[in-house]
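Me: I'm new to this one and would like to zoom in on a single part of it. Could you pick out one strand and walk me through its surroundings?

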Amino acid sequence: MGTEASWAIRTVGLAKRFGAIRALDSVDLRVPAGCIYGFVGPNGSGKTTAIAIVLGLMRPSEGQVELLGEPLGSRRYADALSQVGALVQAPAFYPFLSGRDNLRVLAASRRPVDERELDEALDRVGLLDRAHRRYQTYSLGMRQRLAIALALVGRPRLVILDEPTNGLDPVGIQEVRQLVRELGRSGLTVFLSSHLLHEVEQVCDEVGVIVHGRLVAQGPVAQLLRPRGLRLRVSAGPANGRPAARDGQLARQAAAHLEALPWRPRVELAGDALWVEAPPERGAELTRALAQAGIWVSEMVPVRSTLEQYFMELAAATPGGNGRP
Ligand SMILES: Nc1ncnc2c1ncn2[C@@H]1O[C@H](COP(=O)(O)OP(=O)(O)OP(=O)(O)O)[C@@H](O)[C@H]1O
């Protein structure tokens, strides 16, 4: 495998077996430097296993790994690791110490740190002015931001966050997502694992989708996760002189008009709403066709299939990717 500094993480044919369980099966990760990469998959799909291998905490059964251009197994892999910050498990912070003292104690347990490094990490996560307060007074979001600060001490080039919003309240979730976006904007490469497709969609530039240990899709979020359908609600036109049709009946009429369009979109009825398989930019054509038939669109929302459907479709489309061996 050639050395390419443009990949923060690159794996080829990465596999890990635990007895009969294939936790990872021929995974080719491509994490471009300078992006926010979302590693998304249902619980138990192999995300933590892949992260543990990249961090040198677990040996792969097969395959190659390159971190910041250095191959796993080479002497320089340790140098690459020293430029990586990671949050894999919640750090054991001390409740009675301040945020800053916690950071100092835990960071110093790995290597000597100076106050300037602590200031910088606290500043990046927006906790500098509250660093003197006791940890036990912190909100859930602040606690997680402090945990991310610990991963940022020493200015890593890459930060790996394993499910960083798990267990947080809604405010904390928003704080952490916002922080991840800011870290990405600052030029840091962020590798974030999540079982939430919408989280990855909101925060990441690139995505890798893993199902049952297989990477079933990878690429820019804008390409892979774009909405594939439109949900419509319709109402009778204001002055078309027809007796008002019942909602369900009107929806059936609307479906018939749309299915008759030259490009024959697939249409499904869902009660009084319709689901049309069409990219959002075709919305105007749909509304025009319906208006010409005297049916008015009262609501139109771009939608994707549900997370589970999406994972299932991707897994089914991948040879051997639809179940465990
Ligand atoms: N040390 C281990 N021994 C045996 N099986 C393991 C071990 N670690 C992980 N597994 C199995 O490997 C598979 C992948 O687990 P992994 O923890 O990597 O998934 P994950 O996507 O991170 O899920 P979660 O978000 O639930 O942690 C699962 O079937 C899990 O039970």
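Reply: Here's a close look at one strand, with a short stop at the ligand afterwards. Keep in mind that this is a predicted model.

Let's go with strand β4, which covers residues 36-40. How many of its residues are buried? The count is 5 of the 5, so β4 is largely enclosed by the rest of the structure. For a residue to count as buried here, 20 or more other C-beta atoms have to lie within 10 Å of its own.

Now for the directions. In a regular strand, side chains alternate between the two faces of the sheet. Looking at β4 itself, I36, G38 and V40 point one way, Y37 and F39 point the other way, and all of them are buried.

Next, the neighbours. β4 pairs with strand β9 (residues 189-194) in the parallel sense, over 5 bridges. β4 also runs parallel to strand β10 (residues 206-211), and 4 bridges join the two. Y37 is a handy residue to follow across: in β9 it stands opposite F191, while in β10 its bridge partner is E206.

And the ligand? There are 13 residues around it, and F18, A23, N43, T48 and T49 come nearest. Two elements, β2 (21-27) and α1 (47-54), each give two or more residues to that shell. α1 gives the most, with 3 residues. By type, the shell divides into 3 nonpolar, 8 polar and 2 charged residues.

Terms used. Residues are numbered from 1 along each chain as its sequence is written. This is a predicted model: local features need pLDDT of at least 70, side-chain atom pairs count only at pLDDT 80 or more; totals for chains, interfaces and linings use all residues. A residue is near a molecule or strand if its C-beta atom, placed from the backbone, lies within 6 Å of it. Ala, Val, Leu, Ile, Met, Phe, Trp, Tyr, Cys and Pro count as nonpolar, Asp, Glu, Lys and Arg as charged, and the others, Gly among them, as polar. A residue is buried if 20 or more other C-beta atoms lie within 10 Å of its own, exposed if 12 or fewer, and partly exposed in between; C-beta atoms are placed from the backbone. Two strands pair if DSSP finds at least two bridges between them.
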